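Hi,

Here is the structure I promised to pass on. Have a look at it first, and then read my notes below.

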Amino acid sequence: MKMLINVPETVVPDALRGIAAAHPELTVDVDKQVVVRRDAPVAGKVALVSGGGSGHEPLHSGFVGPGMLDAACAGPVFTSPVPDQMVAAAAAVDSGEGVLFVVKNYTGDVLNFDMAAELAEDEGIRIAKVLVEDDVAVTDSTHTAGRRGTGATLFVEKIAGALADEGAPLERVEAVARRVADSCRSFGVALSPCSTPATGGPMFDLPSGELELGVGIHGEPGRERRSMMTSREIADFAVDAVLAELEPEEPVLALVNGMGGTPLLELYGFCAEVHRVLGERRIPVARTLVGNYVTSLDMAGASVTLCRADEELLRLWDAPVRTPGLRWGA
Amino acid sequence: MSGKVTNDSGAGAGGEGDGGRELDAAFFARWMTEAADAIGREADRLTKLDSAIGDADHGGNMRRGFDAVRQELAEDVPATPGAVLMSSGRKLVSTVGGASGPLYGTLLRRTGKALGDAERVSGAELASALRTGIEAVAQLSGAAAGDKTMLDALLPAVDALEDSGGTNFAKARAAAERGAEETTPLQARKGRASYLGERSVGHQDPGATSAALLVAALAAAHGDSAGEDAGFGADEGE
C-alpha cells in the first residue's frame with residue numbers, strides 16, 4: 001500500500017508539524033503531541049480537553065479553537081495518548097475555572113484519562129469527565145468493554161464547547177456534555193479495511209463483494225458481514241439500528257460521516273438516503289453535517305450519528321465555532 | 001520490620017534467619033532488561049495476534065515502553081527492588097499508551113510498592129507482591145480470570161510461584177505460557193477484542209501473550225532455562 005509519508009515512525013509528529021504550519025492560531029508541541037489554542041488559557045472560561053489515538057483526523061486536533069476544544073492530545077495511530085500529555089494540556093488551558101475531559105469509551109482512553117485526572121487534581125486543577133459511548137453496534141453490558149465512542153464525540157465537543165464559551169461553570173458544561181452524550185447514537189459500516197502506516201497493509205480482510213456492518217473506527221472488524229448492499233439498503237439498516245436505541249421525540253441533528261476513504265459524492269448520496277429513511281420514520285432533521293470528521297485512516301465506509309436536540313442543544317450547535325475542522329458563524 | 005530491612009546491608013543472603021532473601025535491585029533490573037529483549041524479539045508476533053482481534057499495535061506499543069525502561073535502567077538502577085519496579089511502571093505509563101500502559105504500569109508499580117524499601121527480597125515475598133500487583137490490575141480493568149486478558153497468564157503464574165514457596169520460577173513461566181495458550185478458545189469480555197463477541201474465539205489473546213513473556217523474562221533473569229519445568233534446585237541466584 002503506497003502512502004504519502006516519509007517513514008511510519010514519524011507519521012504523527014509530521015502531521016502535527018503540518019497543523020502548526022497551517023494554523024498559526026494554534027500552539028503545537030510536536031514532542032509532547034499536544035495541540036493548544038494559542039490564546040489559552042481563556043480568562044473566566046471552563047476549558048475542554050480531549051484526545052485519543054491518531055488516525056481519526058480531523059478528530060481531535062482539528063477541533064481545537066474558539067467554540068470547541070481548548071486542547072487535544074494525539075496518541076500514536078489508534079493508541080490512546082498517555083497521562084503526561086493530558087496533564088500538560090490541562091495545565092496549559094486551565095484558567096482556574098476547571099477542565100472538562102471528553103473521553104471516548106475505549107479501555108485505553110478511559111484508563112489514561114482517569115490517571116491524568118488524578119494527577120491534574122494533585123496539581124490543583126479541577127477536572128470533570130464525560131464519557132462518549134454512542135456506537136449501537138456494540139452491546140452495552142457488564143460483559144463487554146461497553147459501547148464505543150465514535151461520531152457523538154463531535155456533538156459533545158461542539159455543544160459543550162459552545163456552552164463553555166458562554167461562561168457557564170464546570171458543573172453546567174459537564175452536565176450538557178453528558179446530556180449530549182446520552183442523546184446520541186451511531187452506527188458505522190466499512191466497505192474496505194484501513195491500512196496503518198506501521199503495518200503498511202490492510203488491518204482485516206474484506207472481500208470485494210462484501211461489507212462489514214457495525215464496524216468501529218480502529219479497523220476492528222464489525223459485528224456482521226454481508227454481501228455488498230446499496231446506499232439505500234445501508235441507510236435503512238444503519239438508521240434503523242440507531243433509532244432502535246434512540247427513540248427521538250425531538251428533531252435530530254444528523255452527522256453523515258465518512259470514514260476517510262469514501263468520496264463526498266458517495267457521502268452526499270448516502271445523506272439523501274439517510275434523510276429519506278428518517279422522513280419515512282417521521283423524524284424531523286434539524287441540522288445535517290456531511291463530511292469526513294471521525295475517520296479511520298483510509299477506510300472506505302460511513303457512519304450515521306443522530307443526536308436528539310432540544311432548543312438549548314440546537315442553539316449551542318448553531319453558536320459560532322472556529323477550528324481547522326469545523327467552522328461557522330465566526 | 002524496618003530494622004530488618006535497613007540492617008541487612010552487606011550481609012549477603014539472609015538476615016535474621018531467612019535464607020531466601022537473594023533477589024536484589026540488580027536482579028529486578030535484569031528482569032526488566034530480559035523483558036525488553038523478549039518483547040523486542042516477539043513484537044511482530046504480538047502485533048499479528050492483535051490484528052486478529054484488536055487493532056494491530058500491541059507489539060509496537062509494548063516495545064516502545066520496554067525500550068524506554070531499558071534505557072532508563074542503563075543510566076541508573078534504583079537502590080531497591082521496589083524502586084526498580086515502581087520507576088519501570090511509571091515509565092510504562094508515560095510511554096506505552098493504550099490500555100497496556102496503565103495496566104502494565106499498574107502491575108509493576110503496585111508490585112514494587114508491595115515490596116517496600118527492602119534491599120533484598122525472597123522469592124516468596126516477590127510472589128506475594130506480584131499477587132498484590134495482579135489484583136490491582138484486576139481492579140483497574142474490571143477483568144477476571146477467563147475474560148481473555150493478561151490476567152489469564154498472570155494468575156496461573158503467580159499461583160505456581162506461590163505454590164512452590166517462591167522458588168520455582170520455571171513452573172511459573174510454564175503456567176503463564178499455558179494460560180496464554182488457553183485463551184484461544186475463550187470469548188473476550190474486556191478490552192477492544194470484546195467488540196467482536198463470538199468472533200474473538202479461536203485467537204490467542206495478545207495481552208496474555210505479552211504477560212507470559214514478562215513471566216518468562218522473570219524466569220530468565222532468575223537463571224532458569226527455557227522449556228521444561230526446572231523443578232527443585234532451579235533457584236540459584238544467577
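Which domains does the domain assignment give for chain A? Domain 1 covers 13-132 and domain 2 covers 184-315. Before you go further, keep in mind that this is a predicted model.

The C-alpha centres of domain 1 and domain 2 of chain A are 26 Å apart. Where the two touch, domain 1 of chain A puts in seven residues and domain 2 of chain A puts in ten. On the domain 1 side of that contact you'll find four nonpolar residues, two polar ones and one charged one.

Now for the two chains together. Chain A uses 30 residues to contact 24 residues of chain B. On the chain A side, β4 (71-77), α2 (83-93) and α3 (107-122) each supply at least two residues. The largest share comes from α3(A), with five residues. By class, the side of chain A that touches chain B has 13 nonpolar, 13 polar and four charged residues.

β4(A) deserves a second look, as one of the elements on that side of chain A. Seven of its seven residues are buried, so β4(A) is largely enclosed by the rest of the structure. β4(A) also pairs with two strands that I'd point you to. With β2 (residues 34-37) of chain A the pairing is antiparallel, over three bridges. With β3 (residues 47-54) of chain A it is parallel, over five bridges. A handy place to see this is Ala72(A) in β4(A): Val35(A) stands opposite Ala72(A), and Ser50(A) stands opposite Ala72(A) too.

Over in chain B, try helix α8 (residues 169-181). At 1.5 Å a residue, its 13 residues should span 18 Å, and the end C-alpha atoms are 19 Å apart, which agrees. Is α8(B) enclosed or open? Eleven of its 13 residues are buried, so α8(B) is largely enclosed by the rest of the structure. Among the buried ones are Phe169(B), Lys171(B), Arg173(B), Glu177(B) and Gly179(B), along with several alanines such as Ala170(B) and Ala180(B). What do the buried residues of α8(B) pack against? Their partners are α7 (151-163) and α9 (206-221) of chain B.

If you open the model, I'd start with Ala72(A) and its two opposite residues, Val35(A) and Ser50(A), and then move over to α8(B) and the helices it packs against, α7 and α9 of chain B.

Cheers

Key
Residues are numbered from 1 along each chain as its sequence is written. Chains are lettered from A and ligands numbered from 1 in the order in which they are written. This is a predicted model: local features need pLDDT of at least 70, side-chain atom pairs count only at pLDDT 80 or more; totals for chains, interfaces and linings use all residues. Helices (H or I, at least four residues) and strands (E, at least two) are DSSP runs, numbered from the N terminus. The expected span of a helix is 1.5 Å times one less than its number of residues. A residue is buried if 20 or more other C-beta atoms lie within 10 Å of its own, exposed if 12 or fewer, and partly exposed in between; C-beta atoms are placed from the backbone. Domain bounds come from an automatic or database domain assignment. Ala, Val, Leu, Ile, Met, Phe, Trp, Tyr, Cys and Pro count as nonpolar, Asp, Glu, Lys and Arg as charged, and the others, Gly among them, as polar. Two strands pair if DSSP finds at least two bridges between them.
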